[in-house]
Amino acid sequence: MNDTTVHPVDERLPTGKLTALGLQHVLVMYAGAVAVPLIIGRALKLSPEQVTMLIQADLFCCGLVTLIQAFGATQWFGIKLPVMMGVTFAAVAPMVAMANATPGVEGAGLIFGAIIGAGAISILLAPVVSRMLRFFPPVVTGTIIAIIGISLMRVGINWIFGVPVGPTAPQIVNPEHAQWLATVKTMAGAAVQPAADAAAAAAATVPAVPPGLALVGTVPNPKYAQMPHIAIAAVSLLSIMVIAKFARGFIANISVLLGIVIAAVIATVMGYMNFDKVAKANWFDLVLPFEIATPVFDPILILTMTLVMIVVMIESTGMFLALSDLTGKKIDQKQLSAGLRVDGLGTLIGGIFNTFPYTSFSQNVGLVGVTGVKSRFVCVAAGVILLLLGLLPKMAALIESLPTFVLGGAGLVMFGMVAATGIRILGSVDYKTNRNNLFIVAVSIGIGMIPLIAPRYLQWFPHGLHPLIESGILLASLTAVLLNLFFNGASGDNRDAIEAAKQADSH
């Protein structure tokens, strides 16, 4: 017999459906999950084997922390909503700075010590942050969720065309200028013999400087925005739209997964997917604590990482409110506190297993909106899959072989859904009798766009402030909260804060 009183969030689906829906969540978050270990591992100048261990530990911890958050672990940990946990990008900048100052295993120990310390402190701070819920009425919540979606759109667009830095950057160094530099480097490293004749003397002469010499990107990169990549992303997007319109039931719910699979098959046929890493990867490998470095506890670095974690928990508050809206499941201060504690616990676990700080992944919030599947047990299944990926490197290598442009079309759908959720909440805000709400929305979104439009604006600010002001989500959140206090005061209560949850149509 079916219990009609069970909320869709607590609904237990058949195993086959859970597996497919869980895999869909994993595919959506995978690129973001493995990006941070790659960035930090290379900044630390670790060996390829050590970087592989970082990725494996990261996937394992993603799964473990997701299980704690979605399934729950006692009344103190877990918000019990369909939440996927992954490494936060908010901590990348300070960790790269630590890695540049102290590379190698020694620097890794300092980073992991800071992460463990910050995780423990964050667990204690979670109830304090959760009591800020009354500062998040619909005008604030809608603004924050909208800017989360807008910020994520950049990620999806870069998946299609190419990341701003690296092999697929929009511009590259002029090949003639690069060749000139290579020639000069070769001459600088060679001993110049005494010239025997005029021809030999000419050969030893430094070549003329090319006109307009620039050793930065000045010419279009042929690897950026390739038409086949755009076409495959378009197929993924159109497939999702067609399946969503004409399919019913379970097939409609996995439209994003099917769109990615269709695009992946086309990419394989066109020769864009390489399975060499899959063939070389091991079938099984354990993840052990402190496998790369022993943590070193530096008070200043712990304080820096703790500030980052406060930022992360404020952003998580927005994510949880977005999920509350999408699922129709109200959350109170106690539940919010339990969810935020997992940010701290996950970060503590991450440091122990030599990986990084964890937070709720906003990409997957959009997936809940696209599919309409609200069951938290889908994310529990995804957590189990991530655990297996951490223990079965060959499976991880298979998913890692997906080109990012295969995910690009799906990214536009999911990230746009997050922005649309924020817009829907803002649609319920009273602007007629309280025109000041217009100022709150307008100024907050404008401030939140600064890091997206002018990412180098903070170059003259003290470096210690960078983690606090390079997140558009954080800037928009702080601006919205402060402007709401200025214009509307803090007379609201928790019911006002979660009123936005009533605005979503049932899926």
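V269 sits out in the open: in this predicted model, its relative accessibility is 69%, so it counts as exposed, the cut-off being over 50%. The residue belongs to helix α10, which covers residues 255–269. V269 also has nonpolar company, since V261, V265, V269 and M270 make up a patch on the surface. Together these four offer about 370 Å² of accessible area. The spacing of the valines recalls a general point about helices. In an α-helix there are 3.6 residues a turn, so residues three or four places apart point the same way.

Zooming out, the protein has 507 residues, and 52% of them count as buried. The chain forms 21 helices and 4 strands. Its accessible surface adds up to about 22500 Å², with 68% of that belonging to carbon and sulfur atoms. Contacts tend to reach across the sequence: taking those between residues at least 6 apart, 86% join residues at least 24 apart.

G142 gives a taste of the inside. This glycine, part of helix α5 (residues 138–161), has 0% relative accessibility and therefore counts as buried. Leaving aside residues up to four places away in sequence, G142 touches G422, I425 and L426. Its C-alpha atom is also 8.5 Å from that of A322, although the two residues are 180 apart along the chain.

Helix α17 runs over residues 404–426. With 23 residues at 1.5 Å each, the expected span is 33 Å, and the end C-alpha atoms are 32 Å apart, which agrees. Even so, α17 bends by about 40° at A410.

What about charged pairs? A search of the whole structure turns up 3 salt bridges. In one of them, R424 pairs with D325, and the closest N and O atoms are 3.6 Å apart. R424 lies in α17 and D325 in α12, so this pair ties together parts that are 99 residues apart in sequence. The two partners differ in exposure: R424 is partly exposed, at 29% relative accessible area, whereas D325 is buried, at 0%.

D10 takes part in a salt bridge with R376 at 2.8 Å, N to O. Because R376 lies in helix α15 (residues 376–391) and D10 in the segment before α1, the pair links parts 366 residues apart in sequence. D10 also meets K329 in a salt bridge, at 3.4 Å from N to O. K329 is in the loop between α12 and α13, so here the parts tied together are 319 residues apart in sequence. R376 is buried at 10% relative accessible area, while D10 is partly exposed at 25%.

Definitions and conventions:
Residues are numbered from 1 along each chain as its sequence is written. This is a predicted model: local features need pLDDT of at least 70, side-chain atom pairs count only at pLDDT 80 or more; totals for chains, interfaces and linings use all residues. Side-chain values use heavy atoms; hydrogens and water are left out. Helices (H or I, at least four residues) and strands (E, at least two) are DSSP runs, numbered from the N terminus. The expected span of a helix is 1.5 Å times one less than its number of residues. The bend at a residue is the angle between axes fitted to the seven residues ending there and the seven starting there. Patches are made of residues with over 30% relative accessible area and no salt bridge: like charges are joined within 9 Å, nonpolar side chains (Val, Leu, Ile, Met, Phe, Trp, Tyr) within 5 Å. Accessible areas come from the Shrake-Rupley method with a 1.4 Å probe; for residues, only the protein chains shown count as cover. A salt bridge is a side-chain nitrogen of Lys or Arg within 4 Å of a carboxyl oxygen of Asp or Glu. Buried means under 20% relative accessible area, exposed over 50%, partly exposed in between (1.4 Å probe, protein chains only). Contact means heavy atoms within 4.5 Å.
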